[in-house]
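Student: I should like a close look at one part of this model, namely the strand pairings and what they enclose. Please take me through it in a single connected account.

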Amino acid sequence: MNEALPDLIARFTIRHGLFRKERVDAALFELDSYGCVMKTDKMFNPGDTVTLDLIMDMPFDKIRAENVSGLITERRKHCSNFFYSIDFSDLKSDGDTTLEEKLRRIREVLSKKQSLKSRRSSGSVSNMRHMA
């Protein structure tokens, strides 16, 4: 969990009282077909459920997996923030194939972006060595 996933955020809403809501954007650090790891300064407890909108807005493509229900399974404190492990427990039982397809597409794009980034960073090191 060194860097946040590129171009991907988790958006959720927190209620403050009866009429006031706060919309929060949080960084994601891992994402797979079973769940994700999110970093935020908002407080949750293991066992809480949260409804996330996973948003990947890029210049050429905008992918949104909305209303993804997740169960918080673990909380780790890091400075003033928390890392939360979230399981997408309701994903298979809902039978919502469009949501599963959107999540698959987000993972696919992330995989391509990360492989390009690793090739670019390893290529620049070897080019610097070659020039020296």
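Tutor: Two strands are said to pair if DSSP finds at least two bridges between them. The model discussed here is a predicted one. By that criterion, strand E5, covering residues 62-78, pairs with strand E6, residues 81-87, through seven bridges, and the two run antiparallel. Among the residues matched across this pairing, Lys 77 has Phe 82 of E6 as its bridge partner, and Glu 74 stands opposite Ser 85 in E6. E5 and E6 form a hairpin with two residues between the strands, and in it Cys 79 adopts a positive phi near 55 degrees.

E5 also pairs with strand E4, residues 49-57, again in the antiparallel sense, over eight bridges. Leu 52 has Val 68 in E5 as its bridge partner. The hairpin formed by E4 and E5 has four residues between its strands.

These pairings belong to a closed barrel of six strands, in the order E1-E2-E3-E6-E5-E4, with antiparallel pairing. From one strand to the next, the twist averages 45 degrees. As a general matter, the strands of a sheet pair through backbone hydrogen bonds, in either a parallel or an antiparallel manner.

The largest nonpolar core has 30 residues, and Met 38 and Leu 54 are those with the most contacts inside it. Two or more residues are given to this core by each of E1, strand E2 (20-31), strand E3 (35-40), E4, E5, E6 and helix H2 (97-131). The largest share, five residues, comes from H2. Neighbours within four places in sequence aside, Met 38 is in contact with residues that include Ala 10, Phe 12, Leu 28, Phe 44, Leu 52, Phe 82 and Tyr 84. Leu 52 and Phe 82 have already appeared above, as the bridge partners of Val 68 and Lys 77.

A charged residue deserves separate attention. Arg 11 lies in strand E1, residues 8-16. Its relative accessibility is 18%, and because buried means under 20%, Arg 11 counts as buried. The side chain of Arg 11 makes a polar contact with the side chain of Asp 25, at 2.7 Å. Apart from neighbours within four places in sequence, Arg 11 is in contact with Arg 23, Val 24, Asp 25, Thr 51, Leu 52, Asp 53, Ile 55 and Arg 64. Leu 52 thus recurs, being listed among the contacts of Arg 11 and also among those of Met 38.

How values were computed: Residues are numbered from 1 along each chain as its sequence is written. This is a predicted model: local features need pLDDT of at least 70, side-chain atom pairs count only at pLDDT 80 or more; totals for chains, interfaces and linings use all residues. Side-chain values use heavy atoms; hydrogens and water are left out. Axes are lines fitted to C-alpha atoms, for helices over the stretch in contact, and angles run from 0 to 180 degrees between N-to-C directions. Buried means under 20% relative accessible area, exposed over 50%, partly exposed in between (1.4 Å probe, protein chains only). A polar contact is a pair of N or O atoms within 3.5 Å; within protein, one must be able to donate a hydrogen and the other to accept it, and residues adjacent in sequence count only if both atoms are side-chain atoms. Contact means heavy atoms within 4.5 Å. A nonpolar core is a set of buried Ala, Val, Leu, Ile, Met, Phe, Trp, Tyr and Cys residues joined through side-chain atoms within 4.5 Å.
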